[in-house]
Amino acid sequence: MQNRNRSSLAMVVLPYTVAFLLLSFLQTVKISNSQSFIGINYGQVADNLPPPSSTAKLLQSTSIQKVRLNGSDTAIIKALAKTGIGIVIGTANGDIPGLASDPNFAKSWINTNVLPFYPASNIILITVGNGVMTSNDQNLMNRLLPAMQNVQNALNDASLGGKIKVSTVHSMGVLKQSEPPSSGSFDPSYGDLMKALLEFSRANGSPFAINPYPYFAYRSDTRPETLAFCLFQPNVGRMDGNTKIKYMNMFDAQWFNQLQVDAVYSALNSMGFKNVEIVVAETGWPFKGDDNDVGPSIENAKAYNGNLIAHLRSMVGTPLMPGKSVDTYLFALYDEDLKPGPGSERSFGLFKTDLTMVYDFGLSTSSQTQSLAKAAQPSPSPAPAVTATNTITSNNGSNTSTSTGTGTGTGTSTSSSTNNISISSGSGSNKVYLIRIFNLGFLYGFMRLSLICLFFYNLQT
């Protein structure tokens, strides 16, 4: 009789134990997948970068799940093998004419840069060129789509069509209008060419990749309230008069005639392509610059990147695309010391070349980063020490600076200010993220408690 009771008890306990473990597993999967939309750019315009193998280990010590290369460095692609990290590789603008005119060249490119490494190296996207549509090179623009089609055909021939997507990266100038976001529209001068590119994206499930940089927008309007709007910090917001939606940060609603997520969505929608996925190919904020650079500081960079990450994690989405986070590639993994232009162009890195963080931006998953840094080989030219400061002061009068925007072309901006601007990290997006995590934990806790109650109820009956 005692053994029978034990057997009956085991039969009662087993289903609840399985259910409990399943819920625990689902919760773990939910949390582990919550970072899948956060990527990073791995620029290589530098002579002091650590070995690719060290970088691969560094990335594995973070919750970064995707890496974007501007080119197709095979050493890096190989180093990322079996890490599960999604890899975006790209062709140079100079390759576009050859890719467009010669299908065999496209096949050769795939045979060299993809087939030897896939699927061990998780290549997910090939970007054909960068900023071609705003290059003012009509010949290059006309050859872009044929180049993309030949790369797609080469993937199809290798039975990789649908597994690896093909796209191109657009600079900010493709929008004719972005203010207010609901009125977003493409420059009509691109006309049929833009429509053909979007038809390609829809037919092949490829994303529309953009480079929004609130930092460059702030340079043209250095008021404190603009800075808060850029950095996801508390601010009065900006109203879209058409939809009566109030935007609380520039990433969702990037004003000053620059690309932004909802304006791009509106532009896609106006042409009948609202279901084409939007990907932010790069965005970031420099942590230092020249004396006349307005906006760079460790505090501002930490506030922008940290609050952006919290905003993405919250899964709030944007007003026109609620409940989802757009795949976003932060700029950048390391500083690129050989980049031309002002000092800020060489100061977007989140990590130093000795593998330590420039500042804590909220994506490290463990203390492995410290041990990695200790084990790393000394770099030929160590990154200089940076002194943190909590004020930005711009010179009296008007400062004019010409900057080569990181992946966004060259622009000239004029700014003047006599204010000392104190920066503090905003907490709004972090609060939203924490509330959602709390709600998720509460839900799972309630379900577990219900199972326990059912278990004891069955024991009584």
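# A tour from the barrel outwards

Select residues 86-91 and then residues 123-130: these are strands S3 and S4, which pair in the parallel sense over five bridges. The model in the viewer is predicted. To see one point of this pairing, show valine 88, which stands opposite leucine 125 in S4.

**The whole barrel**

Now widen the selection to the strands S1, S2, S3, S4, S5, S8, S11 and S14. In the order S1-S2-S3-S4-S5-S8-S11-S14 they form a closed barrel of eight strands, with parallel pairing. From one strand to the next, the twist averages 25 degrees.

For the setting, show the full chain. The protein has 461 residues, and 50% of them are buried. Its secondary structure comes to 13 helices and 18 strands. Of the contacts between residues at least 6 apart in sequence, 71% join residues at least 24 apart.

**Strand S11 and its two partners**

Select residues 278-283. This is strand S11, and is it mostly covered or mostly open? Strand S11 is mostly covered, with six of its six residues buried.

Add residues 208-210, which make up strand S8; S8 and S11 pair in the parallel sense over three bridges. Pick isoleucine 210 and look across to S11, where its bridge partner is valine 280.

Next add residues 328-330, strand S14. S11 and S14 also pair in the parallel sense, over two bridges. Which residue of S14 is the bridge partner of valine 280? The partner is threonine 328. Valine 280 can therefore be used as a marker in both pairings: it is the bridge partner of isoleucine 210 and of threonine 328.**Leucine 330**

Stay in strand S14 and select leucine 330, which has its place there. Is leucine 330 buried or exposed? Its relative accessible area is 1%, under the 20% cut-off, so leucine 330 is buried.

Show the residues around leucine 330. Leaving aside its neighbours within four places in sequence, it is in contact with Ile38, Gly39, Ile40, Asn41, Thr283, Asn305, Leu308, Ile309, Leu350 and Leu363. Then label glycine 284: this residue is 46 residues from leucine 330 along the chain, and the two C-alpha atoms are separated by 5.7 Å.

**Helices across the strands**

Select residues 138-157 for helix H6, together with strand S5 at 165-170. H6 lies across S4 and S5 and runs at about 155 degrees to S5. Then select residues 191-204, helix H7. This helix lies across S5 and S8, at about 145 degrees to S5.

**Where H5 meets H6**

Keep H6 and add helix H5, residues 103-113. Two packed helices are described by the angle between their axes and the distance between the axes. The axes of H5 and H6 come within 8 Å and cross at roughly 60 degrees. That angle makes H5 oblique to H6. The crossing is right-handed.

Show the side chains at this contact. On the H5 side they belong to Pro103, Ala106, Lys107 and Ile110, which meet Asn150, Val151, Ala154, Leu155 and Asp157 in H6. By class, the contact has six nonpolar, one polar and two charged residues.

**Two cis peptide bonds**

Move on to proline 119, in the loop between H5 and S4. The peptide bond from tyrosine 118 to proline 119 is cis, with omega near 10 degrees.

Another cis peptide bond joins phenylalanine 331 and alanine 332, with omega about 10 degrees. Where is alanine 332? Alanine 332 sits in the loop between S14 and helix H12, which covers 368-375.

**Two positive phi values**

In that loop between S14 and H12, select leucine 355. Its phi is near 75 degrees, a positive value in a residue other than glycine. Leucine 355 is buried, with a relative accessible area of 1%.

For the last stop, select methionine 315, in the loop between helix H11 (298-313) and strand S12 (317-318). Methionine 315 has a phi near 60 degrees, again a positive value in a residue other than glycine. Is methionine 315 buried, partly exposed or exposed? At 30% relative accessibility, methionine 315 counts as partly exposed, because that class lies between under 20% for buried and over 50% for exposed.

Note on methods: Residues are numbered from 1 along each chain as its sequence is written. This is a predicted model: local features need pLDDT of at least 70, side-chain atom pairs count only at pLDDT 80 or more; totals for chains, interfaces and linings use all residues. Side-chain values use heavy atoms; hydrogens and water are left out. Buried means under 20% relative accessible area, exposed over 50%, partly exposed in between (1.4 Å probe, protein chains only). Helices (H or I, at least four residues) and strands (E, at least two) are DSSP runs, numbered from the N terminus. Two strands pair if DSSP finds at least two bridges between them. Axes are lines fitted to C-alpha atoms, for helices over the stretch in contact, and angles run from 0 to 180 degrees between N-to-C directions. Contact means heavy atoms within 4.5 Å. Angles under 35 degrees count as roughly parallel, over 145 as roughly antiparallel, 65 to 115 as roughly perpendicular and the rest as oblique. A crossing is left-handed if the near helix is turned anticlockwise from the far one by less than a right angle, and right-handed if clockwise. Ala, Val, Leu, Ile, Met, Phe, Trp, Tyr, Cys and Pro count as nonpolar, Asp, Glu, Lys and Arg as charged, and the others, Gly among them, as polar.
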